[in-house]
Amino acid sequence: MAIECLVLGAGQEVGKSCVIVSINGKRIMFDCGMHMGYDDQRRYPDFSLISQSGDFDAALSCVIITHFHLDHVGALPYFTEVCGYNGPVYMTYPTKALAPLMLEDFRKVMVDRRGEEETFTADNIMQCMKKVIPLDLKQTVLVDSDLLIRAYYAGHVLGAAMFYAKVGDSAMVYTGDYNMTPDRHLGAAQIDRLQLDLLITESTYATTIRDSKYAREREFLKAVHKCVADGGKVLIPTFALGRAQELCILLDDYWEHMNLKVPIYFSAGLTIQANMYYKMLIKWTSEKIKETYATHNAFEFKNVRNFERSLINAPGPCVLFATPGMISGGFSLEVFKHWAPSEKNLITLPGYCVAGTIGHKLMSGKPTKVDLDKDIQIDVRCQIHQLSFSPHTDAKGIMDLVKFLSPKNVILVHGEKPKMGTLKEKIQSELKIPCYVPANGDTVCIPSTLFVRAQASETFIRSCTNPNFRFLSSSCEDESMSPVENPNPISRLRVSDERVSEGILVMEKSKKARVIHQDNLLLELGQKRQELQFAYCFPVHVDRSEETLKEVPFTALDVLGPSHKRHLIQLVCTKLSDQFSEVDLLNHGEHLQVESFSACICSKNNCHHRVFDGSRESSVSLFFCCTWSAADEKLAWEIISAMKKYTLSIN
């Protein structure tokens with residue numbers, strides 16, 4: 001079996017996240033986002049790659065949305081209401097509550113203010129949300145009898161979730177966007193240790209390791225304070241949900257501490273609604289906010305007020321949070337046009353900006369001019385401050401999650417191609433896990449787990465539980481004593497009990513699987529056990545130092561008494577032990593034993609296994625007869641080759 005992943009968005013780029021996963025006959029769409037850097041059809045995933053006929057209900061088992069950001073949910077109303085998908089859509093309760101706000105705000109900006117062609121209507125958004133099935137954290141949902149899904153806390157933004165999916169024995173996790181470190185208003189991502197065939201993870205900051213949160217906060221507050229102290233205006237382009245609340249908590253506390261009277265503004269509308277939802281969904285926030293909620297609601301900002309358009313050119317310093325975060329349009333772009341030409345003002349970019357947006361151009365260097373289109377150009381004389389308050393995890397967080405889950409395979413999405421390549425190499429070299437970085441339109445096919453339930457025979461179970469003693473040779477010296485202290489070392493024996501389960505998997509005609517002992521199989525087949533045994537008899541040279549042996553022909557072996565034979569066996573044992581130190585060589589007096597290999601002095605004048613290769617004039621050749629099984633053939637020939645080279649002395 002295999003898991004196939006078709007990447008329709010966020011392949012080697014950040015934007016329009018959309019991955020189609022086929023797992024054991026089920027097909028899941030993870031996220032259905034739009035690309036904020038395009039204003040044409042490239043904004044949406046190429047849904048024709050899912051089904052050329054357009055029958056998306058038959059092509060997909062379900063759609064899962066990880067969170068409310070437009071690059072993860074922005075194409076959903078278009079897919080359901082224009083393309084015609086009517087199947088189940090899953091997301092968390094906060095995502096279902098907040099996604100319509102984001103979608104409607106985007107629609108208004110694109111259509112009402114920029115005059116773009118409407119790709120979905122306000123009614124489309126409402127009808128789309130009716131198809132959504134909300135779920136809670138760690139709630140196990142059966143999409144059908146085979147497909148199981150479960151959501152885990154991802155941090156990142158309110159309601160964001162990682163999703164676990166399992167079909168049969170195959171399992172995977174799709175992270176969406178996540179944060180492995182807590183911040184002021186959200187906790188860190190949390191997930192169980194799972195057995196996974198595949199992990200699909202975002203890699204926005206694939207090579208970045210961020211400084212401490214407190215150092216970044218100090219730098220941010222210092223830059224903002226300096227600007228307003230000098231009479232300037234601070235524009236903080238940010239999405240209405242997430243970084244806006246994080247930085248408002250930070251600035252509100254700082255303003256209280258420093259007793260500052262400079263106004264802090266929210267751009268009216270969406271952010272006000274968002275704060276209302278944060279107050280309602282307090283259980284999805286950080287532990288600190290939940291603990292203090294009874295006495296202090298962190299989202300009731302004392303120093304933050306609503307902003308009206310008439311205040312854009314008002315004199316005096318101020319701080320303004322305006323959407324969208326990448327200055328890709330909307331109110332943040334409108335304010336940017338007015339404030340960018342002044343050296344007193346500050347644009348601070350707290351998060352990631354997609355290529356093609358004004359925010360990305362500002363982060364790529366300090367431009368003196370920015371082209372909005374072929375007819376409009378903005379002078380940029382203001383200060384530009386970039387500091388990552390991004391809710392995405394950094395490179396260390398990604399590696400920590402991969403280590404914790406230890407999946408069999410990893411796919412990286414939602415990142416920049418060169419940086420993803422670096423992270424891929426790191427995962428493969430350090431964690432020894434296959435890793436893939438597919439582009440949009442690519443399909444990755446990986447093997448998946450398949451377990452078979454099998455009944456075990458009683459004989460097999462007994463063979464597994466019975467001791468499997470082996471007697472192994474050991475150093476014959478007491479390791480605690482030196483040879484001088486222990487001149488007469490005694491030989492020792494080590495006993496090991498390695499439980500090895502050796503059985504045979506049998507598939508019956510009824511397709512039921514059984515594991516049986518090999519003896520069971522022989523009985524069922526009506527056969528007797530047959531083992532292939534090898535034998536070989538060969539000469540070993542012996543030095544005739546004793547007078548009694550000098551005139552004795554090599555075939556007159558009876559002249560060797562039992563003591564001589566034991567002496568020769570011991571000589572061979574010593575030589576082999578030096579040469580084959582890694583094997584367990586046993587001296588049984590009459591013969592040597594290594595695994596199934598056995599060697600003894602042959603006493604037959606006409607041995608059927610004998611091979612005679614002549615003897616040297618000054619020596620008497622004795623024959624060693626050896627036997628072994630097929631499993632030890634290589635070891636047997638290595639030992640025989642060594643013994644043929646020996647010259648043994650009888651003193």
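Lys 408 is partly exposed in this predicted model, because its relative accessible area is 47%, a value that falls between the limit of under 20% for buried residues and the limit of over 50% for exposed ones. Its place in the chain is the loop between helix 12, which covers residues 395–405, and strand 20. Leaving aside the neighbours within four places in sequence, Lys 408 is in contact with Leu 196, Asp 197, Ile 433, Pro 434 and Thr 449. Lys 408 can also be related to Met 172, for although 236 residues separate the two in sequence, their C-alpha atoms are 9.7 Å apart in space.

From Lys 408 the reader can follow the chain into strand 20, which comprises residues 410–413. Are the residues on the two faces of strand 20 buried or exposed? Val 410 and Leu 412 lie on one side, Ile 411 and Val 413 lie on the other, and all of them are buried, so that both faces of the strand are covered. As a general rule, the side chains of a regular strand alternate between the two faces of the sheet.

Strand 20 belongs to an open sheet of seven strands, whose order is 7-8-9-10-11-20-21 and whose pairing is mixed. The edges of this sheet are strand 7 (140–142) and strand 21, each of which pairs on one side only. In general, the strands of a sheet pair through backbone hydrogen bonds, and they may do so in a parallel or an antiparallel way. Both arrangements can be traced here, beginning with strand 9 (residues 161–167) and strand 10 (residues 170–174), which run antiparallel and are joined by five bridges. Within this pair, Val 167 stands opposite Ser 170 of strand 10. Strand 10 is in turn joined to strand 11 by three bridges, and these two strands run parallel; here Met 172, already met as the residue 9.7 Å from Lys 408, stands opposite Leu 198 in strand 11.

The next step across the sheet leads from strand 11 to strand 20, a parallel pair joined by four bridges. Leu 199 stands opposite Val 410 in strand 20, while the bridge partner of Ile 200 in strand 20 is Ile 411. On the other side of the pairing, strand 20 runs parallel to strand 21 (residues 435–436), with two bridges between them, and the partner of Val 410 in strand 21 is Cys 435. To pass from strand 20 to strand 21, the chain goes through helix 13 (residues 417–431), and this β-α-β crossover is right-handed.

Why can strand 11 be described as largely enclosed by the rest of the structure? The reason is that five of its five residues are buried. Leu 198, Ile 200 and Glu 202 point one way from strand 11, whereas Leu 199 and Thr 201 point the other way.

After strand 11 (198–202) comes the loop that leads to helix 6 (213–229), and Thr 204 lies in this loop. Thr 204 is buried, because its relative accessible area is 3%, which is under the limit of 20%. The side chain of Thr 204 makes a polar contact of 2.6 Å with the side chain of Glu 202, and another polar contact, of 3.3 Å, joins it to the side chain of His 392. Apart from neighbours within four places in sequence, the residues in contact with Thr 204 are Val 14, Tyr 352, His 392, His 414 and Gly 415.

In soluble globular proteins, nonpolar side chains generally tend to be buried together. The largest nonpolar core of this model has 106 residues, of which Met 29, Leu 76, Phe 220 and Leu 251 touch the most other members. Not counting residues up to four places away in sequence, Phe 220 touches Ile 236, Leu 247, Leu 250, Leu 251, Thr 348, His 385, Leu 387 and Phe 389. Apart from this core lies another one, of 29 residues, among them Ala 10, Val 143, Leu 147 and Val 167.

These details can finally be set within the whole chain, which has 18 helices and 33 strands. Of its 651 residues, 50% count as buried, and the accessible surface comes to about 31500 Å², of which 50% belongs to carbon and sulfur atoms. Among the contacts with a separation of 6 or more, 72% are between residues 24 or more positions apart.

Definitions and conventions: Residues are numbered from 1 along each chain as its sequence is written. This is a predicted model: local features need pLDDT of at least 70, side-chain atom pairs count only at pLDDT 80 or more; totals for chains, interfaces and linings use all residues. Side-chain values use heavy atoms; hydrogens and water are left out. Buried means under 20% relative accessible area, exposed over 50%, partly exposed in between (1.4 Å probe, protein chains only). Contact means heavy atoms within 4.5 Å. Accessible areas come from the Shrake-Rupley method with a 1.4 Å probe; for residues, only the protein chains shown count as cover. A polar contact is a pair of N or O atoms within 3.5 Å; within protein, one must be able to donate a hydrogen and the other to accept it, and residues adjacent in sequence count only if both atoms are side-chain atoms. A nonpolar core is a set of buried Ala, Val, Leu, Ile, Met, Phe, Trp, Tyr and Cys residues joined through side-chain atoms within 4.5 Å. Two strands pair if DSSP finds at least two bridges between them. A crossover is right-handed if, with the strands pointing away from the viewer, the path from the first strand over the helix to the second runs clockwise.
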